[in-house]
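Colleague: Please take a close look at the open sheet in this model and set out how its strands are arranged and what surrounds them.

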Amino acid sequence: MAFARRRRSGKFKKLKHSFCKLADEAHAVDPRLYSHTFCPQPGREHTVCWARAMTELTDDQVAGICLHELGHYMAGPGDPEESEYDAEKAADVAVFLEFGVEMAYKGDNLIQSVDYRKLMRRK
Ligand SMILES: [Zn+2]
Ligand SMILES: [Zn+2]
């Protein structure tokens, strides 16, 4: 799935998706965490990092997390003083404003989820 970050020029820059050992470590500590953006490792400024455990997710969850992480890029890294709640909310608001997709949080772990098949039918 090719998602992109909007440049200042209004054009999009392509984002890479990659497995990341920091994401694996974060997932081992908190099973809700499958992905991150703004990875502290060099060369990953435009990468959405994934824990290998993402292979156990459903298509709806992977699509939800992809959009949510893209939302983080669109919203920007934000203020380090900002609470985590605000950054998470800002990501989902950015997704809604850009794509009109409302993020759902489902299951025991409240993982991001969207209707993947419906999303793929959109023009
Ligand atoms: Zn990473
Ligand atoms: Zn997030």
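Modeller: Two strands count as paired if DSSP finds at least two bridges between them. This is a predicted model, and by that rule three strands form an open sheet in the order β3-β5-β4, with mixed pairing. The edge strands are β3 and β4, each of which pairs on one side only.

Take the parallel side to begin with. Strand β3, residues 16–19, runs parallel to strand β5, residues 47–50, and four bridges join the two. Within this pairing, S18 has C49 of β5 as its bridge partner. On the other side, strand β4, residues 35–36, runs antiparallel to β5, and two bridges join them. Here H36 stands opposite C49 in β5. C49 is thus the bridge partner of S18 and also the residue that H36 faces. In general, the side chains of a regular strand alternate between the two faces of the sheet.

β5 also leads to the packing. The largest nonpolar core has 20 residues, of which W50, C66 and L67 touch the most other members. β5, α2 and α3 (84–99) each supply at least two residues of this core. The most comes from α2, with eight residues. W50 falls within the residue range of β5, while C66 and L67 fall within that of α2, residues 59–75.

Helix α2 deserves a closer description. At 1.5 Å a residue, its 17 residues should span 24 Å, and the end C-alpha atoms are 24 Å apart, which agrees. Of those 17 residues, 14 are buried, so α2 is largely enclosed by the rest of the structure. The cut-off behind that statement is 20 or more other C-beta atoms within 10 Å of the residue's own. An α-helix has 3.6 residues a turn, so residues three or four places apart point the same way. After α2 comes G76, with a positive phi near 90 degrees.

As for the setting, the protein chain has four helices and seven strands. Along the sequence they follow the pattern β-β-β-α-β-β-α-α-β-β-α. Of the 123 residues of the protein chain, 26% count as buried. Among contacts between residues at least 6 apart in sequence, 54% join residues at least 24 apart.

To return to the request: β5 lies between β3 and β4 in the order of the sheet, and β5 also supplies at least two residues of the largest nonpolar core.

Technical notes
Residues are numbered from 1 along each chain as its sequence is written. Chains are lettered from A and ligands numbered from 1 in the order in which they are written. This is a predicted model: local features need pLDDT of at least 70, side-chain atom pairs count only at pLDDT 80 or more; totals for chains, interfaces and linings use all residues. The expected span of a helix is 1.5 Å times one less than its number of residues. A residue is buried if 20 or more other C-beta atoms lie within 10 Å of its own, exposed if 12 or fewer, and partly exposed in between; C-beta atoms are placed from the backbone. A nonpolar core is a set of buried Ala, Val, Leu, Ile, Met, Phe, Trp, Tyr and Cys residues joined through C-beta atoms within 7 Å. Two residues are in contact if their C-beta atoms, placed from the backbone, lie within 7 Å.
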